[in-house]
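Please load the model in your viewer and keep the sequence panel open beside it. The tour below moves from one selection to the next and says what is found at each stop.

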Amino acid sequence: MPATTAPPTHAANRPVGQAMRRGAAGRCPACGEGRLFTGYLRVKDHCPSCGTDLHHHRADDGPAYVTILIVSHLAASLMLTIYTLYRPSTLVMLGVFVGGSLLLSLLMLPRVKGAWVGFQWAKRMHGFGQAAEDPAHAVSPQSAESRR
Ligand SMILES: [Zn+2]
């Protein structure tokens, strides 16, 4: 009978805040080095730096909902404040707030999605918790090629 063993490394906690910050910066939540996205919002299948599988993410519409929630609350409170203080014309209000909301949404969406993917990775959701996916057990591209 084997002696007591230490818990497997894949059971170690992954820091949620760090993973979300790395994701929001567009970096791999595991290593913080490799780029998370291939384009504007498409998540890479694997981290080019550490080889962590990233295709397990299930962001779906979550980042869009969070972005809308944040932008709409900011825009509504700013709109009320600006209108109350300065009473600009309707066209100025429409132009500034439609344009500003659109621009802010486009800027925030990749950051929110990156943080979303980082959260899922840190919480081992949707297949991120499999032992083979843990960076400590991940097969790096170099070691995979050296096996051939
Ligand atoms: Zn990585």
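The stops run from the whole chain to a helix, then to the nonpolar core and finally to a single arginine.

**The whole chain.** Bear in mind from the outset that this is a predicted model. Colour the chain by secondary structure, and you should find four helices and zero strands, which read along the sequence as the pattern α-α-α-α. If you then colour by burial, 22% of the 148 residues count as buried. A contact map is worth drawing at this stage, since among contacts with a separation of 6 or more, 60% are between residues 24 or more positions apart.

**Helix α2.** Select residues 62-86, the 25 residues that make up α2, and place a distance between the first and last C-alpha atoms: the helix reaches 36 Å, close to the 36 Å expected at 1.5 Å a residue. Within this helix, show the side chains of P63, T67 and V71, which are buried. An α-helix has 3.6 residues a turn, so residues three or four places apart point the same way. To see what lies over the buried residues of α2, add α3 to the selection, as α3 is included in what covers them. Before leaving, step to R87, which follows α2 and has a positive phi, near 50 degrees.

**The largest nonpolar core.** Next, select A115, V117 and W121, which touch the most other members of the largest nonpolar core, a set of 15 residues. The elements that give two or more residues to this core are α1 (16-24) and α3 (90-122), and α3 supplies the largest share, with six residues. Centre the view on V117 and, leaving out residues up to four places away in sequence, display what V117 touches: G23, P29, L36, V43, L54, H57 and A59.

**R14, before the first helix.** Finally, move to R14, in the segment before α1. Is R14 buried or exposed? R14 falls in between and is partly exposed, because 18 other C-beta atoms lie within 10 Å, where 20 or more would be needed to count as buried and 12 or fewer to count as exposed. Setting aside neighbours within four places in sequence, R14 is in contact with A19, W121 and A122; W121 is also one of the core residues selected at the previous stop. As a last distance, join the C-alpha atoms of R14 and R124, which are 110 residues apart along the chain and separated by 8.5 Å.

Conventions. Residues numbered from 1 in each chain as written. Predicted model: local features only at pLDDT ≥ 70, side-chain atom pairs only at ≥ 80, totals over all residues. Contact = placed C-beta atoms within 7 Å. Core = buried A, V, L, I, M, F, W, Y, C linked by C-beta atoms within 7 Å. Expected span 1.5 Å × (residues − 1).
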